[in-house]
Structure formats: C-alpha cells, structure tokens
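Student: Got a minute? I'd like to walk through this structure with you.
Tutor: Sure, pull it up and ask away.

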Amino acid sequence: MADAVATTQELRIVGQPIQRHDARDKVAAAMAYAGDFALPGMLHAFVLRSPYPSARIVKLDTQRAAAMPGVAVVLTARDVPKNTLSTDVPGQTTTVGPLRATLHVLAEDRVRHQGEPVALIAAETLEQARAATEAVDVEYAPLPSVFTTADALAPGAPAVHESGNLLAQWRIARGDVAAGFARAAVVVEGEYVTQFVDAAYLEPESGVAWIDSDGVITIRLSTQVIEHFRDVAEVLNVPQNRVRVIGTYLGGGFGGKEDVTVEVYLGLLALKTGRPVKMVWTRQESLLARAKRHPYRLKYRTGALATGEIVAQEIDLLADSGAYAYLSALVLLYSTVTAAGPYRAPNVSVVARVAYTNNPPTSAMRGFGAMQTVFGYESQMDRVARALGIDPVRVRAVNTLRRGDSLPVGQVMETHVAIPELARRAWAALGTPAAPRAPHVKVGRGLACNLQPYGRIVWLHDWSSAWIGFEMDGSLVVRCGAPDVGGGQASSLCQIASEVLGVPLDRIVVHVSDSALTPLSGTTTASRQLYMSGNAVLKAARELRAQLLTVAARLLDTDAEKLEMIDGAVHAPDARTLSLRSLLVECARASVPRSHLGVYHAPAGEPVDLNAGAGKVFPDYTFGAHAAEVEVDTETGEVRVLKYAAAHDVGRAINPQSVEGQIQGGAVQGLGYGLMEDVVVEDGINLTTSFATYLIPTAADVPDVEAIVVESGEGLGPFNARGIGEPPIGPPAAAVANAIEDATGARMTRLPITAERVARALGLVTE
Amino acid sequence: MIRLTVNGQAHELDVPSYRTLLDCLRYDLGLTGSKEGCGVGVCGACTVLLDGKMISSCIALAVFADGREVTTVEGLAEDERLHPVQQAFMDAGGFQCGICTPGQVVAAKALLDAIPHPSEAEIKEWMLGNLCRCTGYYKIVESIQAAAGQARA
C-alpha cells in the first residue's frame with residue numbers, strides 16, 4: 001500500500017515489512033512481562049485507596065494491620081523519606097519551571113480523589129496483603145468538593161489545592177478577529193463536549209523490585225519512562241545511581257504508563273523490607289485510579305468567505321485536570337497549539353484553561369491534547385462546508401497550511417503538509433456508496449483531518465543515545481534505553497542498524513529499556529521514539545561504519561567511500577570482498593574501536609511566550625485524513641461504521657507492517673472514543689471500574705480500517721520518517737460525527753456518540 | 001487435592017477452594033502465558049481450553065478442572081514447531097504489544113477446531129470475547145484467515 005518514493009539511496013532493509021524480532025516470543029507466550037516475573041522469597045504488595053473524592057483523614061492507624069498474619073510492613077506518608085514528588089516532564093533532564101507538577105506519594109492529611117493511595121501493605125501472600133488492607137483503621141471526614149470545571153472556577157468554589165483551582169491557562173491572539181468576522185460570508189458556532197476515557201491497555205500496571213547484590217534498588221516494571229529511576233531516588237532519598245529501572249516489553253502504554261505507576265511504591269517496600277516485592281494492580285484499581293484523558297468543553301466560532309476560506313476563528317477551551325496536575329498544563333499547551341487544526345488561521349484567538357476538580361486525575365494519553373481539538377475544528381470545518389455547499393475535501397484543501405505558513409502560535413511549517421492529497425485519497429478509498437439496507441437506515445460519509453506533533457517541545461532540549469557494537473564473530477549488539485510499548489520500537493532500531501552496517505537481522509540482538517545498562521534514550525511517548533532513538537541508532541551506525549571502513553579500505557587498497565557493507569561482508573567495486581570477521585580482527589589489532597555511542601540532539605529552541613504568539617513549539621508534525629461511511633438506524637439511533645479509510649504521511653515507512661498496525665489500531669481506539677468509551681464519574685465516584693462496564697471496541701464493533709501510507713520523504717526522523725504513534729487516534733470521532741450529519745442532518749456535539757444521544761438528536765426521545 | 005492434566009502432563013495439587021484456574025496455572029504450575037487482563041471474564045487474555053472447549057480461566061475455579069484436561073497457550077506448539085495459528089499471527093503481524101496474543105491464539109485455535117473455514121463475520125463473532133487494544137483487530141482477523149488457508153476478501 002505504500003507509495004514509492006524517489007530516493008538517491010537504494011534501501012535493502014528499511015522499508016521492508018520484516019518480521020519483528022519479538023514476534024515468536026509473543027505468539028508462543030515466551031515473553032516475560034512485568035507481571036510474569038517472580039523471585040524467591042518475594043512479598044506481595046497492595047495499595048489502600050481512598051473511597052472518598054474529597055476528605056480529611058482524621059485517623060490512620062496501622063497497628064492492627066501490621067499484626068495480621070504474614071504482613072511484613074505497612075507504610076503511610078509518615079514512612080516515606082520524601083513524600084512530595086515533583087516532576088517537570090517525565091524523562092527530560094531540563095526543567096520547565098512553572099509547569100512543575102507535584103503530588104504526594106501517599107496521602108497526608110487529605111485525599112482529593114477517589115482511589116488516591118493512602119497506605120501500602122506488603123505480605124507473604126497477596127491474600128494476606130489484601131486482608132491486612134481491610135484492617136487498616138482509617139477514618140475520613142468528607143470535605144466540600146467540586147466535580148465540574150465550571151463549578152471549580154466559580155467564585156467561592158472549594159479549593160482543591162491551596163493555589164486555587166485554575167491550574168494553567170494559555171492565550172494566543174493573531175491578526176484581527178473582529179475584522180475577520182466582518183468579512184465572513186458565513187459564521188458557524190459550536191460547543192463540543194468530550195469525556196473521560198481510559199488508556200485501557202490489557203496489561204495492568206505491574207512490577208517487581210529487589211535490592212540487588214551491589215545494593216542497587218532494582219525495579220523491573222512496565223513503564224514508558226525508565227528515567228523515573230530519578231524520581232524513585234528522590235522519594236527514597238538515595239543517590240540516583242543507587243536506583244535501577246529495568247523496563248519490560250510493555251503490554252500496552254498509550255500514555256498511561258508515562259507518569260509513575262508502581263515503581264515508587266515498589267522501591268519503598270523493597271528498601272523498607274530488604275526483600276523482593278511484587279505489585280500488580282487489578283483492573284479495578286487501574287480503571288479507578290490511573291490518570292484518564294482530559295474531558296474538554298470546546299467553544300468554536302468560525303467565519304469563512306464564500307470560497308470556504310476561513311478568515312476568523314475564536315476558540316475557548318476548558319479542560320478538567322482532576323485532582324492533581326500531572327501533565328495537564330502540557331496537555332493544554334498541545335491543545336492550544338493545534339486548536340485551529342492544519343489550516344491557515346490569519347485571525348484567531350485561543351483561550352485555553354485547565355482546572356482542578358475532585359474527579360480522577362487526568363494526564364497523558366495517546367494524542368495528548370491534540371486529540372480533543374480535532375473534534376472541535378473538524379466539526380466546524382464540516383459545518384462551514386455544509387453552510388456554503390462546498391465539497392468536504394475541497395474546503396480542507398482551500399484552507400490547508402502550506403510550507404512557510406504559520407500556525408496560530410507563530411510556528412512556521414517547514415515540511416510538506418499533505419492534507420489535500422491525504423483527504424482526497426481517504427475519501428476516494430470509500431468507493432461506491434453503500435445502499436441503505438432498509439428505509440429507516442440512512443447512510444452518510446464524513447471526513448476529518450488532523451495534525452499531531454511528534455517529538456518533544458523544542459525548549460526541552462530533547463536527546464537520545466544508542467550504542468552499537470560488533471562481537472568478534474560479526475554479530476551485532478544494539479543497546480538503547482527506549483522502552484518498547486508494542487509498536488515495534490526495538491525492532492525498527494534493528495532495521496536501521498542492519499541497513500547501515502549490512503548485518504542480517506538474525507545476526508542482531510537489541511537490548512532496550514534498562515537505566516543502568518542501556519544508554520538513556522528518553523521516553524516512549526510523544527510519538528518521539530522512532531524519531532529520536534532511530535536517529536541515535538542511525539548516527540551510531542554511520543559513525544561505526546566509517547570507523548570500520550577506514551580499516552577495510554586499507555586492507556582492500558581502495559577508498560572507503562567506494563565500499564559497501566552487505567550481508568555481513570565488505571564489498572569493493574571490483575567484486576572483491578572482505579568478511580566482517582577478518583575486518584574485526586584487523587580493527588582489534590589496529591586499536592580501532594568496534595563499537596560506537598551515538599547521541600542525537602533534536603533541534604532545540606527557546607521557550608515561546610504564547611501570549612506574544614511567535615515561535616517554534618514542536619520539531620515537526622504528522623498529518624492525516626480519515627474518511628468514514630456510517631449507517632444510522634433512525635428508529636433506534638444506532639450507528640454502525642461500514643467503511644473506514646485512514647491516510648497518513650509518515651515521511652517514510654521504516655516497517656510498513658508496523659506502520660499499518662499503528663494506523664489501524666489508532667483509528668479503532670479513536671472510534672472507541674467517538675462512539676462508545678466513557679469513564680462515568682458521578683460526584684467524583686467512578687462507576688466504570690470493570691471491563692464489563694468500561695467498554696472498548698471488540699472485533700465485532702469495528703470496520704476494516706484501510707490504512708493508506710503516504711511517504712513524502714519529509715520527516716525529521718531516520719530516513720525522513722515522521723512519528724506515527726499518536727496521529728491515527730485523532731480524526732475518528734469527528735469523521736463519524738460528520739458522517740452522521742451527512743446521513744441524518746443531526747449534528748452530534750457530545751462524546752461518546754451513543755445510540756441514546758443520536759436518538760435524542762433525532763427527536764426519538766423527548767423527555 | 002485436585003488432579004488435572006495440563007498440556008498433556010498430569011498434576012496433583014493442593015489448592016484452596018477459592019483459587020482460580022488462572023492463578024493455579026500461573027502461580028502453582030508456573031505457566032505464565034495466560035494473562036489476567038480484567039479478572040471478570042470479559043477480556044479473553046486468560047483464555048484456555050478445558051476438555052477442548054474455550055473458557056476464561058480467571059473466572060473458573062481450579063477445583064472445577066479436577067479430573068479434566070486443560071490446554072494453555074504453552075501447549076499449542078509441538079516441540080519447536082509453532083501451531084499453524086501461532087505461525088499465522090507471526091507472519092501476518094496479528095499482534096503488537098503481545099499481552100492479549102496468548103488468549104487470541106487459543107481462541108482462534110478453538111474457532112478453527114469448531115469451524116475450519118469460518119466466514120469473516122464468524123471470525124469477528126467468535127473473537128469478540130478477546131479484547132485487543134493495539135491492533136484494531138484487522139491483522140488478527142487476517143491472521144486467522146491465513147491460518148484457515150484463506151486470503152482476505
């Protein structure tokens with residue numbers, strides 16, 4: 001499905017749908033995930049959590065619990081060396097000052113959301129740990145609370161934190177909005193509401209910790225960020241080099257394993273008991289207490305000329321941070337930057353705020369604030385097209401940013417914006433429209449495009465490192481700190497090394513995600529890992545190749561530039577070859593290193609004053625267009641997606657099979673967001689703490705997603721790849737909402753778009 | 001004391017009456033291939049075969065398997081040779097993070113045992129009890145079709 005790209009270099013391995021090195025272990029269930037690991041003499045740990053969304057802890061007595069059979073230790077906030085954990089941006093070594101988020105490892109005198117951790121128990125068996133949790137004597141006195149952002153920001157609202165309920169706000173103003181509206185032939189206003197959703201990876205938060213023989217506190221867990229070893233050290237008040245985090249191959253992450261999960265608790269318990277400790281959260285705990293995606297209220301007012309050209313945008317965003325900050329301010333920053341979509345917005349104002357409530361905390365999740373805004377700007381774009389009678393593909397082409405144009409924040413687009421082509425191809429892929437299968441069933445089509453940053457904010461000075469070295473038999477080792485969340489991160493690194501060094505894939509072993517033994521590479525978040533660590537591996541491989549070829553050139557009496565490395569040998573232009581083994585022996589003799597550490601620094605920049613509105617925020621963006629054909633049962637409100645096509649410009653597909661997998665999987669998560677997923681929270685109480693009530697798409701719920709992979713060769717990653725982890729989750733909700741209006745005339749503005757909501761919009765339910 | 005056969009091997013075990021079959025497999029027998037994804041029998045990550053029939057081992061008690069035969073994901077491959085369903089999941093890329101994959105391949109084997117040449121609708125219907133958060137199911141369906149000797153329509 002991938003388009004061919006004209007390139008000056010011929011690629012042998014990159015661009016092939018190779019079988020990933022982890023494939024066999026995964027289908028044969030030989031992969032030892034975090035929860036599959038055990039050590040002799042291991043304790044089992046459990047967390048006592050608050051049943052109240054807002055309360056003062058008036059009594060917390062652990063004596064009875066500590067005396068229960070098998071109990072090794074019961075810990076409360078008093079036992080934590082440093083109970084306040086401050087994080088800037090997970091995994092980064094730079095600080096972000098005012099965005100620094102703090103949380104308590106264990107609740108002190110007050111709980112602010114249901115499920116907040118209050119105490120830790122470790123016992124010989126899990127049953128004993130759970131029984132002891134019940135025996136902790138804790139009394140709460142409920143406190144006044146707020147459960148909506150509107151209430152939270154109202155005068156006199158109960159303060160969730162002493163600093164007040166407004167956590168952060170961003171403003172952008174550009175051009176003359178009033179003058180823009182004055183020129184507009186049509187003005188469309190919309191208010192959109194999005195819900196809490198859960199990452200819902202199938203592997204709950206889990207890990208095992210122990211004190212290793214050298215005294216290093218070692219934690220083997222499922223995490224997207226091994227750099228949290230620094231946070232564990234801070235909480236335990238030990239030097240950072242006394243904590244080691246080994247990241248396992250994850251059973252899914254989607255942003256939910258970006259903040260700390262079990263590592264701090266495991267480190268504490270291992271340190272206090274001196275014994276190995278295991279903690280695995282139940283699904284109920286994970287759904288109850290883990291950070292969710294932010295619910296937003298999005299207000300848009302959009303003015304356009306008769307040609308469809310947008311001349312004014314007025315945008316107001318309000319997000320729910322829940323009870324703690326986590327990454328909320330940054331999520332909101334992503335929303336602010338992407339609020340007008342991949343379109344020109346000469347006259348625009350964006351006001352974005354995020355407020356504390358006593359709801360479950362919200363933080364990173366795939367799409368990270370650039371997701372909710374798609375539902376806003378693409379619903380608006382469709383309404384503009386409909387009001388003016390313009391084709392949905394054309395209205396987007398008319399407005400698409402071109403290279404050299406600026407986003408509202410002032411960032412200039414430096415790479416190709418393929419929206420018109422992507423929209424055309426996704427739309428065309430729907431083919432012949434389906435005939436309605438009954439008179440009361442209506443069929444319609446919708447389109448939605450998006451932009452998603454890849455890579456970290458430029459003033460975080462992001463970097464990644466990777467080490468590559470040959471063994472004496474010519475086999476290759478790649479070491480890189482990158483956690484593999486399941487997208488094939490580690491496998492792609494092998495492909496890149498194989499391409500440059502001509503080593504067959506079955507002769508390469510990759511070690512990832514170990515804070516002590518692999519060079520640090522930063523987080524597997526922000527669609528950054530292929531971009532950043534791919535570049536680090538590429539750099540290491542190219543420099544290692546240059547080292548080796550200098551020696552080879554001498555042996556072959558030719559120029560290094562004329563040599564090629566293919567299939568484990570060096571080839572000269574006159575068909576002479578030199579085996580890698582001979583070359584490595586010669587390197588050893590000549591004191592030439594057979595390994596190299598590559599460090600890649602992303603393009604960096606100074607912090608942008610959003611209010612002043614000028615500057616670069618992200619290294620680059622990935623663009624997409626999704627098209628949906630839906631049928632709506634006008635007697636029941638039921639919506640079914642019949643066809644779905646998702647097109648993204650990935651720059652270059654390193655492994656097309658993995659890229660298609662990201663697109664198909666992301667689109668289906670996005671359809672879950674659009675049509676069914678809903679963490680129901682009533683007065684701070686989460687009513688959906690089981691997969692029997694928190695419903696995610698099943699095989700029977702989803703259409704076949706046709707992945708259209710476009711390769712512009714314009715990305716900043718290795719071989720000009722762009723990040724593709726997050727982008728495909730953005731457009732589905734808007735694409736479906738637009739298709740529903742096309743089918744029925746009803747405009748859905750609240751997610752998820754359930755049958756009940758459609759029925760109400762169609763007037764089938766009146767009360 | 002219960003007696004059960006797991007992947008052809010007989011075991012005699014003392015287990016408390018509340019022990020789930022999944023915990024018995026994972027903790028008493030060290031077979032960690034079956035996963036706990038939800039604990040309430042709706043996600044399918046713990047799928048095993050009991051006397052050849054597909055069940056959720058997280059909501060079955062170990063005592064329920066007394067005198068019966070259990071097949072787990074570890075029992076699908078013969079020596080080094082993967083089961084054709086496993087091979088198809090590998091070839092078609094019917095996995096990403098892999099945590100649901102053991103349940104998927106066991107359920108798919110049960111499907112093909114029951115319906116050797118299923119339609120796409122039959123595959124989706126059968127597999128709806130096996131959640132996957134990564135793939136969007138496209139390549140899982142494709143893998144099962146490949147294992148059944150079918151090309152995707």
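**Chat about the two chains**

Tutor: Start in chain B: Ile2(B) stands opposite Leu13(B) in β2(B). Keep in mind that this is a predicted model.

Student: OK. Which way do β1 and β2 of chain B pair, and over how many bridges?
Tutor: They are antiparallel, with five bridges. Strand β1 covers residues 2–6 and strand β2 covers residues 9–13.

Student: What sits between the strands in that hairpin?
Tutor: Two residues. One point to look at there is Asn7(B), which takes a positive phi near 50°.

Student: Where else in chain B is there a positive phi in a residue other than glycine?
Tutor: Try Asp51(B), with phi near 50°. Asp51(B) lies in the loop between β3 and β4 of chain B.

Student: Is Asp51(B) buried or exposed?
Tutor: In between. Its relative accessibility is 44%, so Asp51(B) counts as partly exposed.

Student: Now the helix. Which residues of α1 in chain B are buried?
Tutor: Leu21(B), Leu22(B), Cys24(B), Leu25(B) and Arg26(B). The helix itself runs over residues 21–28.

Student: What covers them?
Tutor: The cover includes β1, β2, β3, β4 and β5 of chain B. So the hairpin strands from before are part of it.

Student: And what follows α1(B)?
Tutor: Gly30(B), with a positive phi near 70°.

Student: Switching topic. How many disulfides are there?
Tutor: Zero, over all chains. Take Cys24(B): the nearest cysteine sulfur belongs to Cys46(B) and is 13 Å away. Cys24(B) is also buried, at 0% relative accessibility.

Student: Why is there no bond between Cys38(B) and Cys43(B)?
Tutor: Because their sulfurs are 3.8 Å apart, which is too far for a bond. The cut-off is 2.5 Å. Cys43(B) has the closest cysteine sulfur to that of Cys38(B).

Student: Is Cys38(B) buried or exposed?
Tutor: Buried, with a relative accessible area of 10%.

Student: On to chain A. How many helices and strands does chain A have?
Tutor: 18 helices and 30 strands. The radius of gyration of chain A is 27 Å, close to the 27 Å that the globule rule gives for 767 residues, so chain A is as compact as a globular protein of that length.

Student: What about the box around chain A?
Tutor: Roughly 85 × 70 × 55 Å for the C-alpha atoms, along the principal axes. Inside the chain, 64% of the 767 residues count as buried.

Student: What do the contacts in chain A join?
Tutor: Consider contacts between residues at least 6 apart in sequence. Of these, 81% join residues at least 24 apart.

Student: Show me a helix. Which residues of α11(A) are buried?
Tutor: Pro392(A), Val393(A), Val395(A), Arg396(A) and Asn399(A). They cover an arc of only 165° around the axis, so they are on the same side of α11(A).

Student: Why would residues a few places apart point the same way?
Tutor: An α-helix has 3.6 residues a turn, so residues three or four places apart point the same way.

Student: What covers that side of α11(A)?
Tutor: Several elements of chain A cover the buried residues, including β16, α10, α12, β18 and α17. Look at the start of the helix too. There, a side-chain oxygen of Asp391(A) reaches to within 3.0 Å of the backbone nitrogen of Val393(A).

Student: Now a strand. Which side chains of β21(A) are buried?
Tutor: Ile508(A), Val510(A) and Val512(A), which point to one face. Val509(A) and His511(A) point to the other face and are not buried.

Student: Which strand pairs with β21(A) in the parallel sense?
Tutor: Strand β20 of chain A, over five bridges. In one of the pairings, Arg479(A) has His511(A) as its bridge partner.

Student: What about loops? Where is Thr223(A)?
Tutor: In the loop between β12 and α6 of chain A. Thr223(A) is buried, at 1% relative accessibility. Its side chain reaches the backbone nitrogen of Val225(A) at 2.9 Å. Thr223(A) also touches residues further along the chain, including His228(A), Lys257(A) and Pro483(A).

Student: Last one. Which peptide bond is cis?
Tutor: The one from Leu751(A) to Pro752(A), with omega near -5°. Pro752(A) lies in the loop between α17 and α18 of chain A.

Key
Residues are numbered from 1 along each chain as its sequence is written. Chains are lettered from A and ligands numbered from 1 in the order in which they are written. This is a predicted model: local features need pLDDT of at least 70, side-chain atom pairs count only at pLDDT 80 or more; totals for chains, interfaces and linings use all residues. Side-chain values use heavy atoms; hydrogens and water are left out. Buried means under 20% relative accessible area, exposed over 50%, partly exposed in between (1.4 Å probe, protein chains only). Two strands pair if DSSP finds at least two bridges between them. Helices (H or I, at least four residues) and strands (E, at least two) are DSSP runs, numbered from the N terminus. The arc is that of the directions from the helix axis to the C-beta atoms. Contact means heavy atoms within 4.5 Å. A polar contact is a pair of N or O atoms within 3.5 Å; within protein, one must be able to donate a hydrogen and the other to accept it, and residues adjacent in sequence count only if both atoms are side-chain atoms. The radius of gyration is taken over C-alpha atoms; the globule rule is 2.2 Å times the number of residues to the power 0.38.
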